[in-house]
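Colleague: I would like to go through this model with you, one feature at a time. Please give the reasoning before each value or name.

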Amino acid sequence: MSDATLVPSAGSDADRELVQRELRLGRIDFLNMYPMHWALGIGPTASGVPTDINRAIIAGDIDVACMSSIEYARHADELVLLPSMCVSAEGAVGSIFAISNVPFEDVTDVWVTPQTATSVVLYQLLTRLRGFRPEIHLLEGAPADVLAAGERRAVLLIGDDALAARGAAQLAKFVFTDLGERWLSETGLPMVYAVWAVRREAVERAPEAAAALDRLLVEGVATFGRTEDAVEQAAQHFSIDAHSARAYFDRLHYGFGRDERKGLLRYLRMANEQGFLGVVPQPTYVDVDAPAGDELGAPSPSAVASDPESLRRTYLKTVGSKRALDEVDDEHIELCLDLEADGRARDVDDVLHRALDGQRIDEVDALALLQSSRLMDIGQVAHALRLQKTPADEITFIVDRNINYTNYCSTDCGFCAFYRRPGDEAGGGYLHSAETIIEKVRETVELGGTAALLQGGHNPDLDIEWYEELFRAIKAAHPTFHLHALSPPEIQHISKRSKLSVGDVLARLRDAGMDSLPGGGGEVLVDRVRRVMAPKKTRTDDWLGVMRTAQRMGMSTTASMMYGHVELLAERALHLKAVRDVQDESKGFRSFTSWTFQPGGTPLGKLLEAGAAPYQRHLPPTPTPFTYLLTQAVGRIYLDNLDNVQSSWVTQGLKVGQAALFFGANDMGSIMIEENVVSSAGTTFRATTEDFVHLIGAAGFTPVQRDTLYRTVTTY
Ligand code: SF4
């Protein structure tokens, strides 16, 4: 990786200068490191393969580097971690392969390169979990020659060698086992391959530089995924095609969230149990509290501190409320806990039988299902009910694009990694021009897309005229293109900004070309929850009020639920009730989608991780794919007045998205030609029309491309 390929991207020049002046940086010259070094835009003191960099930081020749997880753990006393960034993957990573001439479980001897530390231990943990222990040898010849020279052999390749091996003709006949995929299926957790470590004395000498480094990485990596030039530059430098580079980056996660920390801990514990690690360390983290010199006195969305009390203070500053974390809702919590106790007393079979008989279930029934571990039984009923509601042999999807017209926002939601404070252009803030947006629409149409989900932050500079002009300009260029635009909080923001009623805002925007209103910003429709996670955002009644107004005007809308943060299980059931009650009134929700909170890089994620959220002792465990499928199935069963349930592959990945088709979903949602919000939190799954057609077909259904109003566009 030559320094010429690294151009400063997001982040402030002051941070960059501080880091450059105070810290000696090490760099692993692998493609997976590129987004982070692009984000920094700083030339390193040392570069090389992982073992070189591990050695350099342990010897004190450099101050900071992204280093292998196991080597960090072996020297944790001397090292402090950056709290926001790592290199991980939840499932297949595409650059760590055991390539064998027999199935994975039949290998007796494995050859490894000297470059790797974490992956050799990972391989041995995975083999021991399956009850076998291949003998380790050092790879000296070509992998294909080693594999051809004997039976029951494997070669372990990592990094760019592994990427190259995937396409090498001489290796095509061998079995490729992706260790990331194996790890996920064994543990259900992401695998953290590398962590950012700073030498302890460097943190003590230059704490602000260490914090600035974390900020630069968070801000820059979020920008990388949206910068096509950067991906192409990376591809060119590593001599692979841009599509493969993009697919590779999409598999990698750089946010160091709750699940990544759990994955790292599981890996280190297993390494310790198997004798690869003497002690499981208690990591310490660089304190990256509010950046100095922020004229608004508010920390950036990525700012975190390391102990619960500082975290709480930082969080309160971030969300702009002194009361957001107060435990003042004892009565409501008691009510919720009573509901949960009632739910536990319900007979799940009875609830399922009633639902199958066409009887409406209530919130306590829904809770009984949400508390149950009988995923398959509940899924079967959800699937049976879905077959009654929508064409049994068809699964629909849409080709459209998320256009996030601005990320400037004054609402400071604690769960949001996407926004930038108004004016923070240096930190990656943007407002797209009408020309840029129309160009994105044109590209979408060219790719067979029919619509855009147009959403953005609450930008104080934008009044209703800006939106009207934009919508008119889009419609003038593309009259039949569907604008699924804004969300109840954005409508409320425009109404306040332009001093108009919600009804007037909706009527004027509809006349300008807005076709339907998405259910964004609903999160969990319970005010206690909203006060914690987004105290400045639309309250429950206002959100529902905007929807009621839109639906009475005949506008099509959708509903959603984003859960798995600070809400009790009972509050998920209360959210479903709020949606069903409004749907009873007007039948205006076209579909329902649920997805899990993506904590990567968010203040709320850090708060939860530190156990510092209000009433955290009562919260259900962090959602897993099991929770996701169960919750979707319960949504299908409870929302008996709604036809379409969409799976959320964008947050769960394509495999879970496909499985969700048997848990109540009749729709795979959008192929998402562009997505910025979830990817800002480190979750970056991608798909094409071909992927959808394949996934839906492989599940035994006919793939049908639809438009936003669920009308057929193409049947495959
Ligand atoms: S979720 Fe929306 S309203 Fe909240 S901070 Fe992010 S962009 Fe702003």
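The exchange below covers domains, core, ligand shell, one helix and two loops.

Modeller: Bear in mind that this is a predicted model.

Colleague: How far apart are the centres of domain 1 and domain 3?

Modeller: The domain assignment gives domain 1 as 3-87 + 192-306 and domain 3 as 396-613 + 642-654 + 666-715. Domain 2 covers 96-187. Taken over C-alpha atoms, the centres of domain 1 and domain 3 are separated by 31 Å.

Colleague: Which helix gives the largest share of the largest nonpolar core?

Modeller: That core has 218 residues, and those touching the most other members are A197, V198, L213, L217 and V286. The largest share is 11 residues, and they come from helix 10 (residues 207-224).

Colleague: Which residues does V286 touch, leaving out those up to four places away in sequence?

Modeller: V286 is among the core residues that touch the most other members. With residues up to four places away in sequence left out, its contacts include V198, V203, A210, A211 and D214. The rest of the list is V80, L81, L82 and P83.

Colleague: How many charged residues are in the shell around the ligand?

Modeller: The ligand is surrounded by C409, T411, D412, C413, C416, F418, Y419, G457, H458, P489, A534 and K537. Sorted by class, seven of the shell residues are nonpolar and three are polar, and the charged ones number two.

Colleague: Against which helix do the buried residues of helix 14 pack?

Modeller: Helix 14 (residues 308-319) has 12 residues and spans 16 Å from first to last C-alpha, close to the 16 Å expected. Its buried residues are L311, T314, Y315, K317, T318 and V319. These pack against helix 26 (603-609).

Colleague: Which residue just after helix 14 has a positive phi?

Modeller: Helix 14 runs over residues 308-319. Just after helix 14, a positive phi of about 70° is taken by G320.

Colleague: Is K499 buried or exposed?

Modeller: K499 lies in the loop between helix 21 (488-497) and helix 22 (502-512). Its phi is near 50°, a positive value in a residue other than glycine. Since 12 or fewer other C-beta atoms within 10 Å counts as exposed, and K499 has 9, K499 is exposed.

Colleague: And K587, buried or exposed?

Modeller: K587 sits in the loop between helix 25 (569-586) and strand 18 (589-596). Here too the residue is not glycine and phi is positive, near 55°. With 12 other C-beta atoms within 10 Å, K587 is exposed.

Technical notes: Residues numbered from 1 in each chain as written. Predicted model: local features only at pLDDT ≥ 70, side-chain atom pairs only at ≥ 80, totals over all residues. Core = buried A, V, L, I, M, F, W, Y, C linked by C-beta atoms within 7 Å. Buried ≥ 20, exposed ≤ 12 C-beta atoms within 10 Å, placed from the backbone. Helix = DSSP H or I, 4+ residues; strand = E, 2+ residues; numbered from the N terminus. Contact = placed C-beta atoms within 7 Å. Near = placed C-beta within 6 Å. Nonpolar A, V, L, I, M, F, W, Y, C, P; charged D, E, K, R; others polar. Domains from an automatic or database assignment. Expected span 1.5 Å × (residues − 1).
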